[in-house]
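Hi,

Here is the structure I promised to pass on. Have a look at it first, and my notes on what turned up follow below.

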Amino acid sequence: MEHEPTGHHEEEKGREKATDREVADFLIKHIENPCEVTLESGVVKNIRDFYVGLAKDEMPKMTDQSAIKDLQSKIEEYE
């Protein structure tokens, strides 16, 4: 008896795709306030560069010019 795989793929089927505005707002939030970790040396590191890179990867896929402009402006603040 065959059965459908369970887990992640099934969840994606029912999930709606995020709008460009939702993606931009998510990335802007994380570029402004990235997660941080304190290393044993006491140096604090964040993953802002990861979110900036992700934003740059996502912008060419977007069609909402307002969302693209807002995301680009936020990237420019931190470059």
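Before the details: when I say two residues meet or are in contact, I mean that they have heavy atoms within 4.5 Å. Also keep in mind that this is a predicted model.

I started with one helix pair. On the helix 2 side (residues 20-32), the residues that meet helix 4 are Asp20, Arg21, Ala24, Leu27, Ile28, Ile31 and Glu32. Their partners in helix 4 (residues 65-78) are Ser66, Ala67, Asp70, Leu71, Lys74, Ile75 and Tyr78. Sorted by class, that contact comes out as eight nonpolar, five charged and one polar.

How do the two helices sit against each other? The axes of helix 2 and helix 4 are 9 Å apart, and the packing angle is about 15°. Angles under 35 degrees count as roughly parallel, so that is what we can call helix 2 and helix 4. Their crossing is left-handed.

The other thing to look at is the largest pocket, which holds about 250 Å³ of space. Its lining is made up of 13 residues, and nearest the centre you'll find Lys17, Ala18, Thr19, Val23 and Glu58. Two elements give two or more residues to that lining, helix 2 and helix 3 (48-58). Which of the elements gives the most to the lining? That's helix 2, with five residues. By class, the pocket lining has six nonpolar, five charged and two polar residues.

So helix 2 turns up in both places: it meets helix 4, and it helps line the largest pocket.

Cheers

Technical notes: Residues are numbered from 1 along each chain as its sequence is written. This is a predicted model: local features need pLDDT of at least 70, side-chain atom pairs count only at pLDDT 80 or more; totals for chains, interfaces and linings use all residues. Side-chain values use heavy atoms; hydrogens and water are left out. Axes are lines fitted to C-alpha atoms, for helices over the stretch in contact, and angles run from 0 to 180 degrees between N-to-C directions. Helices (H or I, at least four residues) and strands (E, at least two) are DSSP runs, numbered from the N terminus. Angles under 35 degrees count as roughly parallel, over 145 as roughly antiparallel, 65 to 115 as roughly perpendicular and the rest as oblique. A crossing is left-handed if the near helix is turned anticlockwise from the far one by less than a right angle, and right-handed if clockwise. Ala, Val, Leu, Ile, Met, Phe, Trp, Tyr, Cys and Pro count as nonpolar, Asp, Glu, Lys and Arg as charged, and the others, Gly among them, as polar. On a 1 Å grid over the protein atoms alone, a cavity is a set of points where a 1.4 Å probe fits but cannot get out, and a pocket is an open set with protein on both sides within 12 Å along at least five of seven lines; lining residues have an atom within 4 Å of a point. Grid points are joined across faces, edges and corners, and a volume is the space filled by probe spheres set on the points.
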